[in-house]
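Please look over the sequence and the fold below. The report that follows takes the structure element by element.

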Amino acid sequence: MTAPDQGLHETAPLAALNIDVSYGRERALAGVSMLAPAGRLTVLAGPNGSGKSTLLSALSRILKPVSGAVLLDGRAMSDMPTREIARTLGLLPQGPLVPEGITVYDLVCRGRYPHQGFLKQWSAADEEAVGRALSVTGVEALASRPVESLSGGQRQRCFIAMTLAQETAILLFDEPVTFLDLRYQVEVMELIASLSRRHGRTVVAVLHDINAALQYADRIVFLKDGRIHDVLENPADCSEEHIHTVFGAKVTRVTHPLTGKPAFLPSPPTGAAP
Ligand SMILES: Nc1ncnc2c1ncn2[C@@H]1O[C@H](COP(=O)(O)OP(=O)(O)OP(=O)(O)O)[C@@H](O)[C@H]1O
């Protein structure tokens, strides 16, 4: 476990430097520094209300820190034009709103907006990016359906497709698998992990499922009470004590028989019948 690596922020594609974020008078993040190293999957984990979504919003400039800075490719994000940010960084927020009456195809096309402009109209490259995103998320067959008519899990995959169609070097996901059934949880996590491992994208994801985090993350940033608790550069180092300290939960560590990675099972209260 290490402290947030201050010196590396100049080379990391995305970095928060000592940021404070407030909602009115309520301080949600205090003195948070973190890096998203290039080509790696960084997971933000921690208890409810610890500040994970707030940090992701600050990393994508949806929320402006009251102090400190967020750097995108070494430049202060606060000084950058929105369209330039959107060409570099894509965000899938928690519970995104569905535009009324929109079809899956048109929703995914919206991912290409940052690449459009007065002089640059819809191109074959845009069409190909949309096709790839529909295919990789397995929603091609739903393309003509209104998004409102889909199940929660199907919608989530469509929003992931929209985010992928943006074809950004950095991708931020806020609880991307929360509404998905087991099959799609695995498929979407495999997809997100492959974005960094195979395609070199820099990915930051908020995950509630600590076991998914341990199986897929290259590194885990734990938040607690609006601060960085610690950073696990090697998730295999995660211990029962660590989970107890961060989440206040008693757990038993087991080893995944196929991946050899740790997983945690809830421990029943002492003396409770199984
Ligand atoms: N829109 C808001 N207005 C006021 N306070 C907010 C708002 N959003 C979040 N907060 C507060 O900021 C703190 C951090 O919330 P945040 O949603 O970032 O936590 P989280 O770790 O993502 O939680 P969860 O796991 O429950 O999604 C909490 O105390 C929360 O009550």
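How far does α6 reach from its first C-alpha to its last? The model is predicted. In it, α6 has 16 residues and reaches 22 Å, close to the 22 Å expected at 1.5 Å a residue.

## Helices with two sides

Helix α6 covers residues 182-197. V188, M189, I192, L195 and S196 are its buried residues. Seen down the axis of α6, these residues fall within an arc of 115°, so they line one face of the helix. The face turned away from that buried side carries L182 and R183, which are exposed. The general geometry fits such a pattern. An α-helix has 3.6 residues a turn, so residues three or four places apart point the same way.

Helix α4 can be read in a similar manner. The 13 residues of α4, residues 124-136, should span 18 Å at 1.5 Å a residue, and the end C-alpha atoms are 18 Å apart, which agrees. A129, V130, A133 and L134 are buried in α4. They cover an arc of only 130° around the axis, which puts them on the same side of α4. On the other side, A124, A125, E127, E128 and S135 are exposed.

## An enclosed strand

Is β7 enclosed or open? Five of the five residues of β7, residues 170-174, are buried, so the strand is largely enclosed by the rest of the structure. Both faces are covered. I170, L172 and D174 are buried on one side, and L171 and F173 are buried on the other.

Strand β7 has parallel neighbours. Strand β6, residues 89-92, pairs with β7 over four bridges in the parallel sense. Here L89 has I170 as its bridge partner. Strand β8, residues 202-206, runs parallel to β7 and is joined to it by five bridges. I170 appears again here, with T202 as its bridge partner in β8.

The path between β7 and β8 includes α6: β7, α6 and β8 make a right-handed β-α-β unit. D181 sits in the loop between β7 and α6. D181 is exposed, with 12 other C-beta atoms within 10 Å. The C-alpha atom of D181 is separated by 10.0 Å from that of Q154, 27 residues apart along the chain.

## The antiparallel sheet and an open hairpin

Four strands form an open sheet in the order β2-β1-β4-β5, with antiparallel pairing. Its edge strands are β2 and β5, and each pairs on one side only. Within this sheet, β1 (residues 14-23) and β2 run antiparallel, joined by seven bridges. V21 has L29 as its bridge partner in β2.

A separate case is β11. Of its five residues, residues 251-255, the number buried is zero, so the strand lies largely in the open. Strand β12, residues 262-266, runs antiparallel to β11, and five bridges join them. V254 has A263 as its bridge partner in β12. β11 and β12 form a hairpin with six residues between them. In the turn, G260 has a positive phi of about 75°.

## The ligand shell

Which residues surround the ligand? They are Y23, E26, A28, G46, N48, G49, S50, G51, K52, S53 and T54. By class, this shell has two nonpolar, seven polar and two charged residues. β2 (26-36) and α1 (52-59) each supply at least two residues of the shell. The largest share, three residues, comes from α1.

## Positive phi outside glycine

Most residues other than glycine have a negative phi. Two loop residues have a positive value.

| Residue | Phi | Loop | Other C-beta atoms within 10 Å |
|---|---|---|---|
| R61 | near 65° | between α1 and β4 (67-72) | 18 |
| D225 | near 50° | between β9 (219-224) and β10 (227-232) | 13 |

Why does R61 count as partly exposed? R61 has 18 other C-beta atoms within 10 Å. A residue is buried at 20 or more and exposed at 12 or fewer, so R61 falls in between. D225 is also partly exposed, with 13.

Technical notes
Residues are numbered from 1 along each chain as its sequence is written. This is a predicted model: local features need pLDDT of at least 70, side-chain atom pairs count only at pLDDT 80 or more; totals for chains, interfaces and linings use all residues. Two strands pair if DSSP finds at least two bridges between them. A crossover is right-handed if, with the strands pointing away from the viewer, the path from the first strand over the helix to the second runs clockwise. A residue is near a molecule or strand if its C-beta atom, placed from the backbone, lies within 6 Å of it. Ala, Val, Leu, Ile, Met, Phe, Trp, Tyr, Cys and Pro count as nonpolar, Asp, Glu, Lys and Arg as charged, and the others, Gly among them, as polar. The expected span of a helix is 1.5 Å times one less than its number of residues. The arc is that of the directions from the helix axis to the C-beta atoms.
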